Amino acid sequence: MGELAPYAADPQRSLGRSNRESSDKNRTEYQRDRDRIIHSAAFRRLEYKTQVFVNHEGDLFRTRLTHSIEVAQIARSIARALSLNEDLVEAICLAHDLGHTPFGHSGQDELNYCMRDSGGFEHNLQSLRVVDFLEQRYGSFDGLNLCYETREGILKHCAPRNARKLGPIGERFLEGYQPSLEAQIANLADEIAYNNHDVDDGLRSGLIDVNQLQSVTIFERFYRSVRDLYPDLAGRQIIYETIRRIINALVVDVINETRKNIKLLDPGSIEDVRAGKPLVSFSAEVKQEQQELKLFLHRFLYKHKNVVVMATKSKQIIRNLFEIFLENPDKLPRDYRERSHGDLKRGISDYIAGMTDRFAIKEHQRLC
Ligand code: MG
């Protein structure tokens, strides 16, 4: 990592950890956060959690783990180009999906429904809950005791009613502060990663095809330039050549646009970043193209009947598991019962949210 910009997150000026710890001679505070995340059980579970396609549908589809690694790769490129803190960006990206349920968004929607009278379920909030509380690896505290800046980045969204319960980390959602530039980058890198890998996975699955995708401006533009460059190329190589160009174009666009914004608003410190407008963004033109691609994926992939059939099955599994544990609390592992401090539904929700796809399916078979 080269020299950091004055408005980058500086580990020596971190707002710190909830529990005081002595510093480490060889690693910065954000490196330690990243290392703690990689060694957590929740991180290993990401390998068997759905992104769009359920884990057993094919070995080459993205899982939450490979998604998180792709997000970190994209975000680090952007952070390095802007002289921001790569370690912090990496820590945030690797942790950003730790709170996801099995079966992707359908799992989260169903768990939120099951928890409707008990505070609901939201994956961002759950990611924070994992690192603040549910990971139990240290003798002196619950959770991973991460730095404020890492936690700030993990909590990407938060409804005001939840933000009020969170103390300092929730304040920005009530008072309209921005998070660090590193957190802003992680957020956009997430979008770049999933839009592109969902195109790739969607094509691989056969649920969408290249002809359909040519109605999408950004895809069509790069697909055409690859065809012009390699007239004889066929099959997946054309797709890979197209997608890598799209990712690169998006990364370059974010870097250029963000540089412009920084120059214009001229923040002198991370405090200026927090008090100002969001600075990390796509250009207006690219933002519109991204919107077009998202709409396409929504309509033709996420709402494809095969994906919807799987989502419906997944929701049933989550609902059944929730009801079984609610009627038979003794079937819930003891530490989840104890950790929930009398809030049985929250304990069940924590247990189910932590399950991998295949574990949820197995538990469902065993208990039903
Ligand atoms: Mg993500």
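Is Cys-93 buried or exposed? In this predicted model, Cys-93 counts as buried, with a relative accessibility of 1%. Cys-147 likewise counts as buried, at 1% relative accessibility. The cysteine sulfur closest to that of Cys-93 belongs to Cys-147, and the separation of 16 Å is too far for a bond. The reverse holds as well: for the sulfur of Cys-147, the closest cysteine sulfur is that of Cys-93, at 16 Å. A disulfide requires cysteine sulfur atoms within 2.5 Å, and the structure holds zero disulfides.

The metal site is considered next. The magnesium ion has four protein donors listed by residue and atom: His-67 through NE2, His-96 through NE2, Asp-97 through OD and Asp-190 through OD. These donors lie 2.1 to 2.7 Å from the ion. Along the sequence, the donor residues follow the spacing H-x28-H-D-x92-D. His-67 belongs to helix H3 and Asp-190 to helix H10, so this pair ties together parts of the chain that are 123 residues apart in sequence. His-67 counts as buried, at 0% relative accessibility. Asp-190 is also buried, with a relative accessible area of 5%.

Charged side chains form a further set of contacts. A search of the whole structure yields 36 salt bridges. One of them joins Arg-76 and Glu-90, whose closest N and O atoms are 3.7 Å apart. Arg-76 is located in helix H3 (residues 64-81) and Glu-90 in helix H4 (residues 86-95), so the bridge ties together parts that are 14 residues apart in sequence. The two partners are assigned as follows: Arg-76 is partly exposed, with a relative accessible area of 31%, whereas Glu-90 is buried, with a relative accessible area of 12%.

A salt bridge also connects Arg-80 and Glu-86, with 2.7 Å between the closest N and O atoms. Here Arg-80 is exposed, its relative accessible area being 53%, while Glu-86 is buried, with a value of 6%. In another salt bridge, the side chains of Glu-191 and Lys-294 meet at 3.5 Å, N to O. Glu-191 lies in helix H10 (residues 181-205) and Lys-294 in helix H15 (residues 284-302), so the contact ties together parts that are 103 residues apart in sequence. Glu-191 is buried, with a relative accessible area of 15%, and Lys-294 counts as partly exposed, at 26% relative accessibility. Salt bridges that share partners also build a network, in which Asp-24, Arg-27, Arg-34, Asp-35, Arg-76, Arg-80, Glu-86, Asp-87 and Glu-90 are joined.

Aromatic contacts were examined in turn. The count of aromatic pairs comes to six. Among them, Phe-325 and Tyr-351 form an edge-to-face pair, with 5.5 Å from centre to centre and 75 degrees between the planes. Phe-325 is part of helix H16 (residues 305-327) and Tyr-351 is part of helix H18 (residues 344-354), so the pair ties together parts that are 26 residues apart in sequence. Both Phe-325 and Tyr-351 are buried.

Tyr-351 takes part in a second pair, this one with Tyr-336. The arrangement is tilted, with 4.9 Å centre to centre and 55 degrees between the planes. This contact links distant parts of the chain, as Tyr-336 lies in helix H17 (residues 334-339) and Tyr-351 in helix H18, 15 residues apart. The relative accessible area of Tyr-336 is 12%, which places this residue among the buried ones; that of Tyr-351 is 11%, and Tyr-351 is buried too. Together with Phe-359, the residues Phe-325, Tyr-336 and Tyr-351 form one aromatic cluster.

Aromatic rings also meet charged groups. Arg-116 lies over the face of Tyr-113, at 4.1 Å from the ring centre. The ring of Tyr-48 has the charged end of Arg-358 over it, 3.7 Å from the centre of the ring.

Note on methods:
Residues numbered from 1 in each chain as written. Predicted model: local features only at pLDDT ≥ 70, side-chain atom pairs only at ≥ 80, totals over all residues. Heavy atoms only, no water. Phe/Tyr/Trp six-rings, centres within 6.5 Å; stacked < 30°, edge-to-face > 60°. Helix = DSSP H or I, 4+ residues; strand = E, 2+ residues; numbered from the N terminus. Buried < 20%, exposed > 50% of the residue type's maximum accessible area, 1.4 Å probe, protein only. Lys NZ or Arg CZ within 6 Å of the ring centre and 35° of its normal. Salt bridge = Lys/Arg side-chain N within 4 Å of Asp/Glu carboxyl O. Donors = N, O, S within 2.8 Å, 3.2 Å for Na, K, Ca; no water.
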